[in-house]
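Here are some exercises to work through with the model open beside you. Try each task before you read its solution.

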Amino acid sequence: MLKLYGGAFSRAAIAKWYLEELEIPYEFVQLDMQAGEHHQPEFLQINPMGKVPAIVDEDFQLWESGAILLYLNEKYGKSSASPEERAKIYQWVLFANSTLASGIFTESTREREVPRLLTPLNEIFQKQPFVLGDEFSVADVAVGSILSYIPMMLKLDLSAYPAVLEYINRISERPAFKKGIGGKP
């Protein structure tokens with residue numbers, strides 16, 4: 001059975017959400033980060049960086065939330081996407097984990113970056129319900145998880161981005177989101 005390693009309030013929730021969407025059986029191994037379990041030799045053999053999330057799928061080990069999402073999508077997703085369609089998925093997962101996350105969570109640049117990032121996202125969500133169009137995908141797990149953390153953790157005023165707010169509300173109602181990340185923000 002696939003094992004997902006994480007800690008309380010970690011990005012492991014993102015992988016957990018997608019595992020729930022895919023309905024894949026998994027074991028969640030919660031590490032006590034305060035006690036330093038992520039720096040113990042057993043876990044460092046899985047991720048030498050000592051960070052969560054990480055997965056072990058049979059003999060395969062992988063860390064970094066974006067890489068985990070892409071792997072799960074490739075192995076367990078029900079898509080027959082072309083290389084171009086897969087590249088769009090990669091683009092959005094990488095955008096979420098780097099550009100969007102750092103723009104929103106880096107306090108020194110947040111004031112400048114939030115409008116720069118959320119304005120085009122708002123325009124996208126005015127035209128379509130999900131990142132890639134009419135169907136929910138792993139790109140929504142990546143982008144949606146970062147966006148859903150805004151009302152949970154930062155309490156930023158998002159009233160200038162009504163379509164982004166609707167998107168956050170729409171994804172937070174998904175049963176797998178509730179199991180993976182938590183209740184409505």
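**Exercise 1.** Find the element that gives the most to the lining of the largest pocket.

*Solution.* Helix H6 gives the most, with four residues. Helices here are DSSP runs of H or I with at least four residues, strands are E runs of at least two, and both are numbered from the N terminus. A pocket is an open set of points on a 1 Å grid over the protein atoms alone where a 1.4 Å probe fits, with protein on both sides within 12 Å along at least five of seven lines; lining residues have an atom within 4 Å of a point.

Before going on, note that this is a predicted model, where local features need pLDDT of at least 70, side-chain atom pairs count only at pLDDT 80 or more, and totals for chains, interfaces and linings use all residues. Residues are numbered from 1 along each chain as its sequence is written, and side-chain values use heavy atoms, leaving out hydrogens and water.

**Exercise 2.** Check the length of helix H4 (residues 83-105).

*Solution.* Take 1.5 Å times one less than the number of residues. For 23 residues this gives 33 Å, and the end C-alpha atoms are 31 Å apart, which agrees. Next, look for a bend (the angle between axes fitted to the seven residues ending at a residue and the seven starting there): H4 has a kink of about 40 degrees, centred on phenylalanine 95.

**Exercise 3.** Is glycine 103 buried or exposed?

*Solution.* Buried means under 20% relative accessible area, exposed over 50%, partly exposed in between (1.4 Å probe, protein chains only). Glycine 103 has 2% relative accessibility, so it counts as buried. Glycine 103 lies in H4, and its C-alpha is 6.4 Å from that of valine 114, 11 residues away in sequence.
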